Structure formats: C-alpha cells, structure tokens
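Q: Could you take me on a close look at one part of this model, the first helix, and then show me how the rest of the chain looks around it?

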Amino acid sequence: MNPKMTVTDAASCLGRSKEWVAQTLGARGLLHSKSNKEIYFGHETAKALFQFTFVPRVIAFHIVKGGTGKTSLVYEFAVRASLYGAKVLCVDMDQQGNLTEAFQANAEAQERAVMIDVLADHVPLEDCIMTVAPGIDLLPSRFENSMLDEMIRAKGLGIEKVYREPFQRLKKHYDLILIDCPPSLGLSVAAIALSADDLLAPVTPEKFALSGLELAHQSMTELQALHGVSIRFGVVLNKVEARTTLSQLTLKFLLKHSKFADLLLKRSVRFSQEFPNAIASHGSIFDAIRSTAAKEDINALTQELLGIGIYESGYRDVLLPKAIHSEATEI
C-alpha cells in the first residue's frame, strides 16, 4: 500500500492554487514526489501541510446486514483521513476479519492478540495494535472474536464500560478510532455503541438493508434510553447506481423518512469495482494518482465526517445526488 494525496486535491481542500501548494511543499522542505506531471505526498507531509486539529472521535460502522460495503468504507475512509494528516486506529471487531485481511494482516500467523484476549486474559489493548500504513494502526481480529458476547456475559462485564474505558484511553494517541462491527446485534455490539461518539450505518439500495437499518437504529435508541447516553447516529448510502430505479427510490425513501432524513450524510458513495479491486491487489484506491468517481466519493465523505474542506463552511447540499421528483413508492 502506498496511498497518495495529490497537490490537486490538497489545493481544492485548502482553497488555494496548485502552484501555491507546490511552492509551499518546496519552501518548507516537505517530502513529495512527482509522476505524470502530478505532485503527490503521504501522511507525514500531509500532517505538516494541512495542520488540521481534529477532535478525537470513536466512530463505529454498523448495520444488521452483510454485504453493505461496510468494511471497504472503513478501510478507504481510514486511508483518506490519514492523507489529511489524521492519526487513525482501525479496530476490527468482526470475527470474519475482513478489515484485518484488507490491511494484509493475520493475527494468528503474526501472533497478535485480539479483543477476545483482552477480555479473557487481560492482555493490554495496546499490545494488540500493529502499524499497517503511515498514519494507520490496526487492532486485528480473528475467528475467536465470535465468542465476545459469551465472554462479556460469563465475566459479568458491564457493557457501558467494557470498551469505553480502553477506547477513551486510546483517544490520547489517535485522532480517529474506527470500529468495524459485525453485522449483528448482541452484547459486544451494544458495548461498542456505548463506547462510540458516532455510529455510522452504511445502507445499500435494497429492502433488506433498510430493514437492517431499522433494527440497528432501534437498538441504539433503546441503549441510549437505558444507559442515559447520547449516541450520534448517521446513515451513508453506499453502492449507489444513480440510473437504477432502486437506488433512486432508496434515496427518496431515506430523504422522506421521519427519522432518517436528518441522519443521512450528504455524500453518498457510488457503486464501483475499484473498491474490491484495490483490496484484492493489496492496496487502496488512493494508491493511484488519477482521479476517479470512487476517490471523489470517499474524499467528499471524509471531508464531511472530518468537517474540513468545503464542509468547514457547511456547504454540503451540492454533493447530494439528485433524486427523481416523482413520489416515492414502497421498496
């Protein structure tokens, strides 16, 4: 993996010219490279150039439905955030370990402890963490994490504290802690939600994904009432194909929904084969410097979540895909 921030994208975010950014890189002696007339750089230079101050946050990605592209969103968001200078920790809590595999890690082969070891054997959480890319660390997963619910129950651990305290401690070292949750409900997922500042639900244009969204939101609402906490809930529409009726109807359904209309992020992510192709080739969509729709979407989503670039002034509606004007029908 060799993710890159181009001068073109940096200039757009900063509201400056490409010439100004290039001159600044040179004048400050910041490491950068050039390919096909495009200047680019990585995490360390981004941190020095942008100098953004991030409020540390824990964002959990969760929906009660598989196949929504959740792991790809976590993966590419983490990469893009690191290219804006953020220090990111990715936490793989799904026993399938897809995020771990995306980062080319193998907890068992590399003899790395995972969350089940933290709960069962009191392994320090910090001992599980490995660096996988500049600016990105990973707490990997393996199949034994499928026993997290049983471990929490057997040890009588309070779900309001089991993850919250260690993640709050890690906030001192990271700008972003991104948690990839399993697509289910249970004690461990509830504990993750109670440890998070934000819970983001990726929804795809299909009926069962909307049912999964309802379940996830209902569960979070009940948790908030039971434990007296506030969990910011957001919805991102993923794998959108604008020319399909189902994508248009799903967007309109969410925009008109009494609960989800105000929770829907302004940037949706279009369907693209780039996402699985990048992971299959052990890289990120940001390894290449050419502009693509997938990179545009993840970049805009990252800016929205981080509150930088055009989102700093709240100018967001321009990025919302246009919905057709006829009345929405049942999906």
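A: Happy to. One cut-off before we start: a contact here means heavy atoms within 4.5 Å. Please also keep in mind that this is a predicted model.

Let's begin with helix α1, which covers residues 7-14 and has V7, A10, A11 and C13 as its buried residues. Seen down the axis of α1, these buried residues fall within an arc of 160°, so they line one face of the helix. The general geometry helps here: an α-helix has 3.6 residues a turn, so residues three or four places apart point the same way. What does that face pack against? The partners of the buried residues of α1 are β1 (5-6), α2 (18-27), β3 (38-41), α3 (43-50) and α13 (293-306). Just after α1 comes G15, which takes a positive phi of about 70°.

Positive phi turns up elsewhere too. As background, most residues other than glycine have a negative phi. K37 is not a glycine, yet its phi is positive, at about 70°. K37 sits in the loop between β2 (33-35) and β3, and β3 is one of the elements that the buried residues of α1 pack against. With a relative accessible area of 77%, K37 is exposed. Q104, likewise not a glycine, has a positive phi of about 60°. You will find Q104 in the loop between α5 and α6 (115-121), where a relative accessibility of 44% makes it partly exposed.

Now for the view around the helix. The protein chain has 13 helices and ten strands. Its radius of gyration is 20 Å, close to the 20 Å that the globule rule gives for 331 residues, so the chain is as compact as a globular protein of that length. Along the principal axes, the C-alpha atoms fill a box of roughly 60 × 55 × 35 Å. Buried residues make up 53% of the 331 residues. Among contacts with a separation of 6 or more, 77% join residues 24 or more positions apart.

Two buried residues are worth a stop. L170 lies in helix α8 (residues 164-170) and has a relative accessible area of 1%, which counts as buried. Leaving aside residues up to four places away in sequence, L170 touches L89, L125, E126, I129 and I177. From L170 to Q303 the distance is 23 Å, C-alpha to C-alpha, with their positions 133 residues apart in sequence. T204 is found in the loop between β9 (198-203) and α10 (207-227), and this residue is buried at a relative accessible area of 3%. With the same neighbours in sequence left out, T204 touches G67, T68, A209, L237, N238, K239 and T250.

Finally, have a look at the largest pocket, which holds about 530 Å³ of space. Its lining comprises 27 residues, and G69, K70, T71, S72 and N98 lie nearest its centre. At least two lining residues come from each of α4 (70-82), α5 (98-102) and α12 (274-280), with α4 giving the most, four residues. By class, the lining has eight nonpolar, 13 polar and six charged residues.

Key
Residues are numbered from 1 along each chain as its sequence is written. This is a predicted model: local features need pLDDT of at least 70, side-chain atom pairs count only at pLDDT 80 or more; totals for chains, interfaces and linings use all residues. Side-chain values use heavy atoms; hydrogens and water are left out. Buried means under 20% relative accessible area, exposed over 50%, partly exposed in between (1.4 Å probe, protein chains only). The arc is that of the directions from the helix axis to the C-beta atoms. On a 1 Å grid over the protein atoms alone, a cavity is a set of points where a 1.4 Å probe fits but cannot get out, and a pocket is an open set with protein on both sides within 12 Å along at least five of seven lines; lining residues have an atom within 4 Å of a point. Grid points are joined across faces, edges and corners, and a volume is the space filled by probe spheres set on the points. Ala, Val, Leu, Ile, Met, Phe, Trp, Tyr, Cys and Pro count as nonpolar, Asp, Glu, Lys and Arg as charged, and the others, Gly among them, as polar. The radius of gyration is taken over C-alpha atoms; the globule rule is 2.2 Å times the number of residues to the power 0.38.
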